[in-house]
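User: I am new to this structure. Please take a close look at one part of it, the salt bridges, and then set them in the wider fold.

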Amino acid sequence: MTELSFSSATSDAEPSKLDELVAVMTRLRGPGGCPWDADQTHESLVQYLIEETYELIEAIETGNREDMIEELGDVLYQVLFHSDIAAHTPGEDFDIQDVAAHMTAKMVGRHPHVFGDRKAETADDVVEFWEDLKKTEKPERTSVLDGIPQAMPSLALADKLLGRAEKVGLLELGDAGGVSVQSEDELGPLLLAIVASAKANGLNAERALRSTLRDLQSEIREHEAGSADAGIIGFVAPES
């Protein structure tokens, strides 16, 4: 594997802006710092991580350079916060340097076409590498559904699950029937109309989709075991 090389800094070099932010976190959560920061746990911070992530998404989709800098900083701060908590929690005992080291090793390992001797001509080749590597890294995963976070928003989860259904040969998305939309400008109002109709009839669109997605996951697992029928997939398959 190709070794990474970086320009070395002198011992008296000024700390980077990232170093300064880490120092701020250490001060806030240390003796004489902020009582609120010191009281936080991984669990108590989850709501803020979710909020900051959504704010970053909004900045990416509708904001400008300054918005992205601010929101990326907020997400970065959450990573530093969790790392500092872990550094002072018995049994966890890792810090941001350990997180960075783990990620560096992971990215180098996931890119053998850059740091090793494998060849990749297309993005599809890279995805194939990743799938092979994941199988090696996580042999305990026996289903294409393993590792998918169930707390994802239902639409995002639906997109992920349909991709996995296609991967195992349960569905051909290119042939999927039902409502045909050609652009996001068409799709957005259609989705809104569906939610509006559900609300008018006292239905919970989020709960309804999640219920269907649980059935879809059962069908995918049955298909992997060689016993799936048309089931949920029948609703999105083309009409004969």
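Analyst: What follows goes through the salt bridges and then turns to their surroundings.

Start with the whole. This is a predicted model. The protein chain has 10 helices and zero strands. Of its 240 residues, 19% count as buried.

Now the bridges. The count comes to five salt bridges. Three of them can be followed here, beginning with Lys17 and Glu20, Arg65 and Glu66, and Arg221 and Asp146.

Take Lys17 and Glu20. Their closest N and O atoms are 3.8 Å apart. Both residues sit in helix α1, which spans residues 17–29. They are three residues apart, so about one helical turn separates them. Lys17 is exposed, because its relative accessible area is 66%. Glu20 has 36%, so this residue is partly exposed.

Next come Arg65 and Glu66. Here the closest N and O atoms lie 2.7 Å apart. Arg65 is exposed, with a relative accessible area of 60%. Glu66 is partly exposed, at 48%.

The pair of Arg221 and Asp146 has its closest N and O atoms 3.8 Å apart. This pair links distant parts of the chain. Arg221 belongs to helix α10, whereas Asp146 lies in the loop between α7 and α8. The two are 75 residues apart. Arg221 is partly exposed, with a relative accessible area of 41%. Asp146 is partly exposed too, at 22%. The cut-off for buried is under 20%, so a value of 22% does not count as buried.

Helix α10 also appears in the interior. The largest nonpolar core holds 13 residues. Among those with the most contacts inside it are Leu145, Ile148, Leu213 and Ile220. Helices α8 (154–167) and α10 (205–224) each supply at least two residues of this core. The largest share, four residues, comes from α8.

Other charges gather on the surface. Lys106, Lys134, Lys138, Arg141 and Lys160 form a positive patch. One of them, Lys134, is found in helix α7, residues 123–137. Lys134 counts as partly exposed, because its relative accessibility is 34%.

One backbone detail remains. Asp93 is not a glycine, yet has a positive phi of about 50°. Asp93 is placed in the loop between α4 (65–87) and α5 (96–110). At 54% relative accessibility, Asp93 counts as exposed.

Terms used
Residues numbered from 1 in each chain as written. Predicted model: local features only at pLDDT ≥ 70, side-chain atom pairs only at ≥ 80, totals over all residues. Heavy atoms only, no water. Patch = residues over 30% accessible without salt bridge, like charges linked within 9 Å, V, L, I, M, F, W, Y side chains within 5 Å. Areas by Shrake-Rupley, 256 points an atom, 1.4 Å probe, with all protein chains shown as cover. Salt bridge = Lys/Arg side-chain N within 4 Å of Asp/Glu carboxyl O. Lys, Arg positive; Asp, Glu negative; His and termini not counted. Charge placed at Lys NZ, Arg CZ, Asp CG, Glu CD. Buried < 20%, exposed > 50% of the residue type's maximum accessible area, 1.4 Å probe, protein only. Core = buried A, V, L, I, M, F, W, Y, C linked by side-chain atoms within 4.5 Å.
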